[in-house]
Amino acid sequence: MNGLALRISRGSDSKSKKSIGFSPVNISISSFKTSDKYHELFQKFADATSTDEQLPILRKIVDLYRDAIDTDIIKFMVVVFLQAEAKHPLKCFIARHVTKNSNLQEPFTSVLASQISTRISVEPTHYKEYEDVVSKVATCIENFNAGVAAVRIVEIELGTYLMNCLDFCVDLLLSESKTLSPTEKNEIFTLSHITLRLLLHIVQKANDESLSELIPLFIIIELCIKDLMMHNDVPMDTKSVCGILFISMYIVKNGPDSWLQVLNPSTCNDSLLGLLEAEASQLCLYSALITVVSVDKLEAVYVKGDPAILSLLSKILEIGERSSLESTVILGVARTVHQMSKCLQKITVRSTGLKIVDSLVTFAWSHLDHYMDSVRHLTAQMLATVVNYCAKLDREGDDSALCKLLSALKSLDTSRRSYYVSVSCLVSEVGAGRVLHTWPTLIQDVLGALSSQHIQASATVCLESLVSSDARSCGTEELQARWLRPVLEHAARSDPDCTVINILENLLVTAVKLDRGLIRYIIPYIKQSHENTSKPMDLKCVLMLLSVTRKSGASDSLPLSGGDGSDEWRGVIGYEVLRRAAIDAVDEAVCDAKLYIRDIDARWHGSTNDSTVYHNSFLRARLDNNKIDGHLLGDSAYPFGRYMMTPFLNPVTNAEKLYNEAQIKTRNTVERTFGVWKRRFACLSQQLRLKLDHTLAVIVATAVLHNIALQQNDTVMADSAPEDEVNVTESIQPPITSEGNRFCQLLLEQYFRLVKFFFHKYLEVHNGNTK
């Protein structure tokens, strides 16, 4: 829900929004009896067509105010304030100006209260009329003392109006004679939410005298709250406000300790008992207790032998277990549990706090892997609060909670995301040193998880938090033993793909940046690897360490090469090894029908598959963000997607065969482009005997020169080679995404279910085979 921030609809307003993003404020100046000096400015403000034009005029009008005699200016400011939507620049300007000028506050408050009273004296006949008034009044209490004071003046009258508004909304929702559209329902839910917020504000701010006048309204308001909480379509946020308002009114009517009846249904009255029948309304009432009742009271008062806060938490978790499959309920439980975790810092009895920790940690283990992102996020925040509390106890000399948490974490399944999220929380609070001391093999365990796609992101974040914390607290030698050696052993042993190599590389870059002494261990490893680079994995390790040296800035301290005759780069690694790395590279190029190279990526090692290069390319990013209009043709190494068209493995229908034939013939342009490119620049067909720094630049430079040559009509024939017969089947079926599947089916339906004769004629014309 939007809370009190509701954009006002102006119907058929001819004024347009400008760059500032808000519509100009519409007012009628006929109600102002002004002198000529004011009338001209008021009329100019009303005629302005944008907020940008109205703001300087409003400043001039406000500057004219001298004392309380200038009632027209005060009234004008109030009317503009009420008419402007929430967060509108004009509304914000007036609120700031009134707040800064004490001589304005009292007259502004008085006129604002009068304007509110005038607006709520009219009985609406449609919910839109209620919406217009309620939304304007709601903006008065948003961090604006003069607005709060004005509402306070008319609180009894306003409370009655809001009660009628709430009753009107409920009648519409429950009416069987009229079916509401989804849009109308959402608008009524929003109106109900704002009305409940305003009623809650009035109840919380009213004094004893005002409360005695408001209590008669509670009966109808409670009935409306019950109907809203029992309605299945009402958003959970609105039900939560219902719960807070109900508990607040219940305490006003029945005494300061009457909230205990919520935890002991046998002692409550019928109105409360009815709300405790449904899970959602029950949860809202429990959540309301955490907001309305202070932590001191929840801890000090006992229910059936336990502190009320423990009884409350137990009931909330029971609802979560019973309704684990209901998304709205479990989201509400996660929010409530997160809210309760914030109470830990205010708990004075340590045994009570430890019991709360036990319950919250149990909830966290089972919900950090929940299918709803919001539940996972709330649970992670709650766990961070719990770890923070355990760390606080540890600093105070009680390490029992932290040790228990570490022990429980060790028993978790390492294939679950919750394991790595929990480790990250622990490291951020107590530091990597404490965690690794208790858990010596943790780094190796998390490194092994990088190969699992579903937990790779969580494991990466965990490793990043570990290395950042550890590099700041331990010595260089210890850092080398904990990080450099395990990372290299993992890279050499597990044969990781390019993504994992990049993760490992970034970890070492972070470590070197935080401890420059680590480079003293990296350089010898690179030098010792000269004679053992026959294995591709060893070569990857060397190149990874070279990249770490350069990215971390450590290469700046290395000596420059000794002239043109030097056989080593900066005295670290032989150029022969780097040439081998350059040969063992893969280039991805995209060309068009005229043999122009439209995109090229030459950053990857030769062992990297084509799909990985494509997924990590800037071209893919531009296509994802709709920066390029068109489609790509690729072979079976690429996934079939919305803009990547690849062949079928086993075409069955005639349309699929026609598609394969057209796709493969058209894709032949790529091979011709490479042939012309290599024929034009013979160095591409041989080993590039250059330094690694220059190799990639040469590849890209020749691609640019190739395009320039085509523009100058400098034609070069490709190496003559017999053109392969078109094979309408491919040996490997490319993976097809769900979006790609929809596009593929649409393509076959609209373009390839044609008469084969016409399609072949099209291919002949397209390939220039006709006279």
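## Salt bridges and their surroundings

Arg335 is partly exposed, with a relative accessible area of 36%, where buried means under 20% relative accessible area, exposed over 50% and partly exposed in between, computed with a 1.4 Å probe on protein chains only. This is a predicted model in which local features need pLDDT of at least 70 and side-chain atom pairs count only at pLDDT 80 or more, while totals for chains, interfaces and linings use all residues. Residues are numbered from 1 along each chain as its sequence is written, and side-chain values use heavy atoms, with hydrogens and water left out.

Side chains of opposite charge can pair when their charged atoms come close. A salt bridge is taken here as a side-chain nitrogen of Lys or Arg within 4 Å of a carboxyl oxygen of Asp or Glu, and by this rule the count comes to 17 salt bridges. Three of them are listed below with their N to O distances.

| Acidic residue | Basic residue | N to O distance |
|---|---|---|
| Asp237 | Arg335 | 2.5 Å |
| Asp394 | Arg434 | 2.9 Å |
| Asp470 | Arg482 | 2.6 Å |

Arg335 meets Asp237 in a salt bridge of 2.5 Å, N to O, and this pair links distant parts of the chain, with Asp237 in helix H12 (residues 236–254) and Arg335 in helix H17 (residues 327–341), 98 residues apart. Helices are DSSP runs of H or I with at least four residues, numbered from the N terminus. Asp237 is itself partly exposed, with a relative accessible area of 26%.

The closest N and O atoms of Asp394 and Arg434 are 2.9 Å apart; because Asp394 lies in helix H19 (residues 373–395) and Arg434 in helix H22 (residues 432–438), the pair ties together parts that are 40 residues apart in sequence. Asp394 is partly exposed at 23% relative accessible area, and Arg434 counts as partly exposed at 26%.

In the salt bridge between Asp470 and Arg482, the partners are 12 residues apart, Asp470 in helix H24 (residues 453–473) and Arg482 in helix H25 (residues 476–494). Asp470 counts as buried, at 0% relative accessibility, whereas Arg482 is partly exposed, with a relative accessible area of 21%. Elsewhere, salt bridges that share partners join Lys128, Glu131 and Glu187 into one network.

A further residue, Asn502, is placed in helix H26 (residues 498–514) and is partly exposed, with a relative accessible area of 31%. Asn502 and Met544 are 42 residues apart in sequence, and their C-alpha atoms are 8.1 Å apart in space.

How values were computed:
Helices (H or I, at least four residues) and strands (E, at least two) are DSSP runs, numbered from the N terminus.
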